[in-house]
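Here's a quick tour of a model, written for someone who likes the cut-offs spelled out. Have the viewer open and follow along.

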Amino acid sequence: MVKGLYTAYTGLMQQQNRLDVITNNLANADTTGYKKEGATTAAFDEVLAVKIKDGSEAYINRGIGHMSMGAKIGETYTDYSQGSFRITDNPYDIALDGDGFFSISFTNKQGVTSTKYTRDGSFTLTREGYLVTKDGDFVLGTNGPIQLNTLEETKIDELGNIYQNGALVDTLNIVDFTDYNYLSKYGENLYDLVEGGTMQAADCRVEQGVLEMSNMNIVSEMVDMIAITRNFESNQKIIQTIDTMLDKTVNQVGKL
């Protein structure tokens, strides 16, 4: 019965983790370029059950099979599939149709600058004409931070070339990666390339005046949340049942 308590407890922890992931997905349903996450379940290594001190077996210890020790929290993964597009007609809203990421010059609170990557193309211009994210970080082109003339119309072609007054000003620095497992989330909607990750040419088309929305489906996430809640309740009932059995064993059977 104690093993049953432990198994039910591991089930509760697993469902709680899945619920946390889905809650975060729902909170980012309207976040531009957000990629939903999912949680996996892993099993503890099975242990060998051994029969010991049994007179009928001549007191010879004998293996009688393996026991599962329940479930444990696995990895959290990111679904990088394409999100739907929303037309804004804002010339500084940019979406990537295909595989690729915008390069961002990010400066942390300590003043350290590094390159991050994002699918969120909701950009704007500063007074000085720099193209920046909604958090004020510089969008990078092939020549560094992109600076435009705020008084001229901006055109961006499908290759990411930026034109003003018919002249090429800069090109968006769009990159892709050979293995997305080497990407780690940073902050709300940025990614870091961890050690061992490698870049490759992006295979995407740039869309101006369009934003890529979250790739999360609210209906399916809500259905999953209901299933998780029911699984959580089932594990709770198991614990309550075992607790009742232990109570009767100690307080009623034990008195006989």
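In which loop is Asn165 found? The answer is the loop between β14 (161-164) and β15 (167-171), and we'll come back to that residue further down.

## Ground rules

This is a predicted model, so to speak with filters on: local features need pLDDT of at least 70, side-chain atom pairs count only at pLDDT 80 or more, and totals for chains, interfaces and linings use all residues. Residues are numbered from 1 along each chain as its sequence is written, and side-chain values use heavy atoms, with hydrogens and water left out.

Element names come from DSSP runs, numbered from the N terminus: helices are H or I with at least four residues, strands are E with at least two.

## The two helices

Start with helix α1 (residues 2-27) and helix α2 (residues 218-251), which pack at an angle of about 160° with their axes 9 Å apart. That angle makes α1 roughly antiparallel to α2. The labels go like this: under 35 degrees is roughly parallel, over 145 roughly antiparallel, 65 to 115 roughly perpendicular, and the rest oblique. The axes are lines fitted to C-alpha atoms, for helices over the stretch in contact, and angles run from 0 to 180 degrees between N-to-C directions.

The crossing of α1 and α2 is left-handed, meaning that the near helix is turned anticlockwise from the far one by less than a right angle (clockwise would be right-handed). As for who does the touching, the residues of the contact of α1 with α2 split into 16 nonpolar, nine polar and three charged. Here Ala, Val, Leu, Ile, Met, Phe, Trp, Tyr, Cys and Pro count as nonpolar, Asp, Glu, Lys and Arg as charged, and the others, Gly among them, as polar.

Two α2 residues show how sequence and space part ways. Gln236 lies in helix α2 and sits 8.3 Å from Tyr9, C-alpha to C-alpha, with their positions 227 residues apart in sequence. Lys237, also found in helix α2, is 9.1 Å from Ala8 by C-alpha, and those two are 229 residues apart in sequence. At 33% relative accessibility Gln236 counts as partly exposed, while Lys237 counts as exposed at 56%. (Buried means under 20% relative accessible area, exposed over 50%, partly exposed in between, with a 1.4 Å probe and protein chains only.)

## Rings

Rings of Phe, Tyr and Trp (its six-membered ring) pair if their centres lie within 6.5 Å; planes under 30 degrees apart count as stacked, over 60 as edge-to-face and the rest as tilted. By this rule the count comes to ten aromatic pairs. Take Tyr80 and Phe101: their ring centres are 6.4 Å apart and their planes are at 80°, so the pair is edge-to-face. Tyr80 is in the loop between β4 (71-78) and β5 (85-87), Phe101 in strand β7 (residues 101-107), and the two are 21 residues apart.

Phe101 is buried, at a relative accessible area of 2%. Phe101 also pairs with Phe177, this time tilted, at 5.5 Å centre to centre and 50° between the planes. Phe177 belongs to strand β16 (residues 174-177), 76 residues from Phe101, and counts as buried at 3% relative accessibility. Ring pairs tie Tyr80, Phe101, Tyr117, Phe177, Tyr180 and Tyr191 into a cluster.

There's a charge over a ring, too: the charged end of Lys116 sits over the ring of Tyr186, 4.1 Å from its centre. The test is NZ of Lys or CZ of Arg within 6 Å of the ring centre and within 35 degrees of the ring normal.

## Loops worth a click

Back to Asn165, which has a positive phi of about 55° although it is not a glycine. Asn165 is exposed, with a relative accessible area of 69%. Asp89 is another non-glycine with a positive phi, about 65°; it lies in the loop between β5 and β6 and is exposed at 67%.

Asn90 lies in the loop between β5 and β6 (94-99) and is partly exposed at 30%. Asn90 and Leu211 are 121 residues apart in sequence but 9.4 Å apart in space, C-alpha to C-alpha. Finally, Thr198 lies in the loop between β18 (190-193) and β19 (199-201), partly exposed at 39%, and its C-alpha is 9.5 Å from that of Tyr180, 18 residues away in sequence.
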